[in-house]
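Reader: I'm happier with gels than with coordinates. Could you walk me through reading side-chain contacts?

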Amino acid sequence: MQQTTQAQSSSRSGGAFEVDVAGIRAKARQDIESGAVTEGYRADREAVLKLLNEALATEVVCVLRYKRHYFMARGLNAEPVAAEFAEHAAEELSHADRIAERIVQLGGEPNLSPVGLLERSHSEYVEASNLQDMIKENLIAERIAIDSYRQMVDYVGDKDPTTRRLLEEILAVEEEHADDLSDFLDKN
């Protein structure tokens with residue numbers, strides 16, 4: 001006897017929605033070495049892994065740039081800006097960790113090799129010589145990240161909702177970072 005669970009469907013037809021529990025259980029026993037990637041995964045996994053590794057490289061480069069700017073910030077208004085750089089560096093590191101975790105969930109390997117890091121990154125590593133330029137370079141990097149994450153979200157679409165949600169959450173933080181940096185530019 002096949003076990004199913006019924007729930008009212010929100011589909012246009014108004015018909016009952018049935019979950020084929022027995023079928024799901026049988027499929028779950030197949031290819032268990034694939035971990036979280038089941039037969040129902042609809043995205044191009046290799047393409048998603050590539051874009052996630054590019055996002056990972058971008059986040060790592062941002063951490064490095066923000067850390068340098070934190071330590072090198074000098075001048076009359078440097079203290080609050082340096083504190084913001086430190087906060088952003090910590091958040092970018094958190095993004096990198098979450099992206100690396102997702103890569104592993106999808107059966108991939110996070111590419112954290114320093115070899116080719118800048119080539120994989122969408123953002124650039126610009127040291128900058130003064131506080132104003134540091135703020136500008138970080139704002140430019142955040143704007144690059146925002147557009148990159150938007151394109152990734154569009155690409156992933158509904159084919160991988162978990163990755164899309166992760167990218168959207170990171171995108172929201174990158175937009176906050178850009179807003180913070182823009183405020184500092186207005187004050188200086």
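Author: Sure, and keep in mind that this is a predicted model. Let's begin with exposure: a residue is called buried under 20% relative accessible area, exposed over 50%, and partly exposed in between. Take glutamate 175: its relative accessible area is 32%, so it is partly exposed.

Reader: Good, I can use that. Which side chain does glutamate 175 meet in a salt bridge?

Author: The general idea is a side-chain nitrogen of Lys or Arg within 4 Å of a carboxyl oxygen of Asp or Glu. Here glutamate 175 meets arginine 150, with 2.8 Å from N to O. The two belong to distant parts of the chain, 25 residues apart: glutamate 175 is in helix α6 and arginine 150 in helix α5, residues 131–156. Arginine 150 is partly exposed too, because its relative accessibility is 40%.

Reader: How many salt bridges does that rule give?

Author: The count comes to eight. One of them joins arginine 98 to glutamate 169, at 2.3 Å from N to O. Arginine 98 sits in helix α3 (residues 78–105) and glutamate 169 in helix α6 (residues 161–187), so this pair ties together parts 71 residues apart in sequence.

Reader: Are those two buried, exposed or partly exposed?

Author: Arginine 98 has 31% relative accessibility, so it goes down as partly exposed. Glutamate 169 gets that label as well, because its value is 38%.

Reader: What about a salt bridge inside one helix, say arginine 164 with glutamate 168?

Author: Their side chains meet at 3.7 Å, N to O. They are four residues apart in helix α6, so about one helical turn separates them. For exposure, arginine 164 comes out at 22% relative accessible area and is therefore partly exposed. Glutamate 168 is partly exposed as well, with 35%.

Salt bridges can also share partners, and that is how Asp147, Arg150 and Glu175 become one network.

Reader: Let's move on to rings. How many aromatic pairs are there in the whole structure?

Author: A search finds two. To read a pair, look at the angle between the planes: under 30 degrees is stacked, over 60 is edge-to-face, and the rest are tilted. Tyrosine 66 and phenylalanine 85 make a tilted pair, with 45° between the planes and 6.0 Å centre to centre. Tyrosine 66 lies in helix α2 (residues 45–72) and phenylalanine 85 in helix α3, so the pair ties together parts 19 residues apart in sequence.

Reader: Is tyrosine 66 buried or exposed?

Author: Buried, because its relative accessible area is 0%. Phenylalanine 85 also counts as buried, at 0%.

Reader: And which residues form the edge-to-face pair?

Author: That's tyrosine 70 with phenylalanine 71, at 4.8 Å centre to centre and 70° between the planes. Try the exposure cut-offs on them: tyrosine 70, at 32% relative accessibility, is partly exposed, while phenylalanine 71, at 52%, counts as exposed.

Reader: One last feature: where does the charged end of arginine 65 sit?

Author: For this one, you look for a charged end placed over a ring. Arginine 65 has its charged end over the ring of tyrosine 66, 5.5 Å from the ring centre. Tyrosine 66 is also a member of the tilted pair with phenylalanine 85. Elsewhere, lysine 159 puts its charged end over the ring of tyrosine 155, 4.8 Å from the centre.

How values were computed:
Residues are numbered from 1 along each chain as its sequence is written. This is a predicted model: local features need pLDDT of at least 70, side-chain atom pairs count only at pLDDT 80 or more; totals for chains, interfaces and linings use all residues. Side-chain values use heavy atoms; hydrogens and water are left out. Buried means under 20% relative accessible area, exposed over 50%, partly exposed in between (1.4 Å probe, protein chains only). Rings of Phe, Tyr and Trp (its six-membered ring) pair if their centres lie within 6.5 Å; planes under 30 degrees apart count as stacked, over 60 as edge-to-face and the rest as tilted. A charge sits over a ring if NZ of Lys or CZ of Arg is within 6 Å of the ring centre and within 35 degrees of the ring normal.
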